[in-house]
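Reader: I would like to learn how to read a structure of this kind, one feature at a time. Please give the general idea before each case.

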Amino acid sequence: MNQEETNLSKILAKYLNNECSDSELKILHSWLSESKENQKVLDDLMNSKTLEGDLIIYNSFNKQAAWENIASHIEKGKSNIFKINYMRFLLAASVVIVLFSVSFLYYFKYNTLSEPELSSLAEGKVLRNVSGEILPATTGAILVKSNGEQVTLDHSFVLNEDGSIAFDEENIVEDKDYDDEESFYELIVPKAKIIQFAMFDGSKIWVNANSRLQIPTKSNADRKIKLLSGEIYLEVAKYKNSKFLVETQNGLVEVLGTKFNVISSAKSFKTTLVEGKVKLVKEQIEQILEPNTSGLWRNNEFVVTRANLNADLAWKNNVFYFNNYSINRIANQIEDWYGVKVHVDADVSKNKNTYSGEMRRDVPLKEVKKMLEFISGLHVSIEGENLNVENK
Amino acid sequence: MSTAKSVKQEFDKHYQNLCFFAYTLLGDHIMAEDFVQEAFLTLFTKFDTITPNENVYKSFLYTSVKNSILNWHRRAKVESKYHELTPFEDIVYLDFDNAMIKTEAIAEVNKLISNLPSACQQIFRLYYLDGLSSKEIASKLNISINTIKTQKLRGLKYIQSKLNPEYFLVFLFLLK
């Protein structure tokens, strides 16, 4: 807190109150001309929309509850706030491990469907209602058996111990074609789709849009799911003495009974642990995660950080959550959830602005367009199955 | 005065500003409040080692929050590089100086609202801070919509008399 800042704040306030002396005005103008960011501070104050937003935020912090929290910590002799605050997330959060995809080719030994066919399945279709509005994702997925046969699912399902898939107490799919220990189903959740399923051990798995997994058709000593790409959230039950493994292209997560999120992409994988314990494995390197932490594979090690449960579990809570995200990152989420293609103008990508916001995602696309326009000040338009983002 | 009481005094003075400051840099309410609350906890534990001076307390609190944010940001930067499809885009630049300036400026503007005559102020707060519509305010306070309009106009005139004419235009839009 240096002297210059204090003076500038005072001068700014005086400027607003029309009380600036000439010399103070000079100081203000020279500060303004120093950088674009400085000018922006004043511009935001002079813009009624941003001012209104800022005033609302300024008044949104609950002082009473905050002091009660601090006071109770003082009483208990605690010196760390965070663990307590994140307790409320333990109730909702599970460990979500995000595993990013593994090389496709490696896993398609048995599949008679070619890779391009499978990835086009993942593209999905844009959903519309009767008025033509673009709708958010619905429950659904495509299950591909080891013989290449596809089954379309539109409901959550249960994976039984004998490898059959069932819902509504009616067995519908069985994979008897291969007795191979390695045989699996490929589960493709296209864009604009989402699905949950349960396993014979009581574990529950949520799969986000635009994800591909392999789930076992035989129950082996170890329960293993391969996350080829995309994102899953798991609540894993303890089952006899078997471990639960989530495998990705970039590493492995070993679960010791817990709730976690995994997101996987070509480059990396990130695991967020809500409750319980997991072990991250990559070749010789292992890392155990404690609750409320995330592990990211980087530079030949697992980097462990405090979890941002709000952000990492947002999808499972059916919410879009952007915390200082670039427009491209936001665009990816929208593409996955609605199946539309987002085109961001080159000028917009160039300016490197980041945005924050939170909203439910079980809404038609036009609601998201409105929110995006509001938080970014950009011009967003829907054209057929495309979303365009440009400067105003 | 007990330490807790002294800390509470500082809390009443600075909590809101600190939260807004942190929020400006983080974009996340919960994280912002966490960091700020921790700063106050630290103030409590270290209270006896700090020079009993207003500016020193203020400086301590802001430095505490700043450090928490810096630590978090260092780790978040690592993540975002690997999360993005284009690796080098998302480096968020932390502008602590401007966050500070912005915080104090908003605090000033907020004070302005607090200086409004009380009937006006109540309506202002309900409209802008609680986000109620004129209709909702009318039924909540049991007054006519006309009264609301009158009060808003009064607020306008009051602010106009206090403000830089250029800045007043901003408020004009706010008050529509």
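Author: Helices (H or I, at least four residues) and strands (E, at least two) are DSSP runs, numbered from the N terminus. What follows concerns a predicted model, in which local features need pLDDT of at least 70 and side-chain atom pairs count only at pLDDT 80 or more, while totals for chains, interfaces and linings use all residues. Residues are numbered from 1 along each chain as its sequence is written, chains are lettered from A and ligands numbered from 1 in the order in which they are written, and side-chain values use heavy atoms, with hydrogens and water left out.

Reader: Where is Asn292(A) found, and what is its phi?

Author: Asn292(A) sits in the loop between strand E18 (285-289) and strand E19 (293-298) of chain A, and its phi is near 65°, a positive value in a residue other than glycine. Asn324(A), which is not a glycine either, has a positive phi of about 55°, but its place is in strand E21 (residues 319-326) of chain A.

Reader: Are Asn292(A) and Asn324(A) buried or exposed?

Author: Buried means under 20% relative accessible area, exposed over 50%, and partly exposed in between (1.4 Å probe, protein chains only). Asn292(A) counts as buried at 14% relative accessibility, and Asn324(A), with a relative accessible area of 14%, is buried as well.

Reader: How many helices and strands does chain A have, and how many does chain B have?

Author: Chain A holds 13 helices and 25 strands, whereas the secondary structure of chain B comes to eight helices and zero strands, with the pattern α-α-α-α-α-α-α-α along its sequence. Of the 392 residues of chain A, 54% count as buried; for the 176 residues of chain B, the share is 52%. As for surface, where accessible areas come from the Shrake-Rupley method with a 1.4 Å probe and, for residues, only the protein chains shown count as cover, chain A exposes about 17900 Å², of which carbon and sulfur atoms supply 48%. Chain B exposes about 8400 Å², and carbon and sulfur atoms supply 53% of that area.

Reader: What share of the contacts in chain A and in chain B join residues at least 24 apart?

Author: Contact means heavy atoms within 4.5 Å. Among contacts between residues at least 6 apart in sequence, 57% join residues at least 24 apart in chain A, and 56% do so in chain B. For a single residue, take Glu24(A), whose place is in helix H2 of chain A and which is buried, with a relative accessible area of 16%. Leaving aside neighbours within four places in sequence, Glu24(A) is in contact with Ile11(A), Lys14(A) and Glu19(A).

Reader: At what angle do helix H2 and helix H3 of chain A pack?

Author: Axes are lines fitted to C-alpha atoms, for helices over the stretch in contact, and angles run from 0 to 180 degrees between N-to-C directions. Helix H2 (residues 22-34) of chain A packs against helix H3 (residues 36-46) of chain A at an angle of about 120°, with the axes 5 Å apart. That angle makes H2(A) oblique to H3(A), given that angles under 35 degrees count as roughly parallel, over 145 as roughly antiparallel, 65 to 115 as roughly perpendicular and the rest as oblique. On the side of H2(A) the contact is made by Trp31(A), Leu32(A) and Glu34(A), and on the side of H3(A) by Asn38(A), Gln39(A), Val41(A) and Leu42(A).

Reader: How many salt bridges does the structure hold over all chains?

Author: A salt bridge is a side-chain nitrogen of Lys or Arg within 4 Å of a carboxyl oxygen of Asp or Glu. The structure holds 17 over all chains. One of them joins the side chains of Lys350(A) and Asp347(A) at 3.6 Å, N to O; both residues lie in helix H12 (residues 346-350) of chain A, three residues apart, about one turn of the helix. Lys350(A) is exposed, with a relative accessible area of 62%, and Asp347(A) counts as partly exposed at 43%.

Reader: Which parts of chain B does the pair Lys13(B) and Glu54(B) link?

Author: The closest N and O atoms of the salt bridge between Lys13(B) and Glu54(B) are 2.3 Å apart. The pair links distant parts of the chain, with Lys13(B) in helix H1 (residues 3-26) of chain B and Glu54(B) in helix H3 (residues 54-83) of chain B, 41 residues apart. Lys13(B) counts as partly exposed at 44% relative accessibility, and Glu54(B) is partly exposed, with a relative accessible area of 37%.
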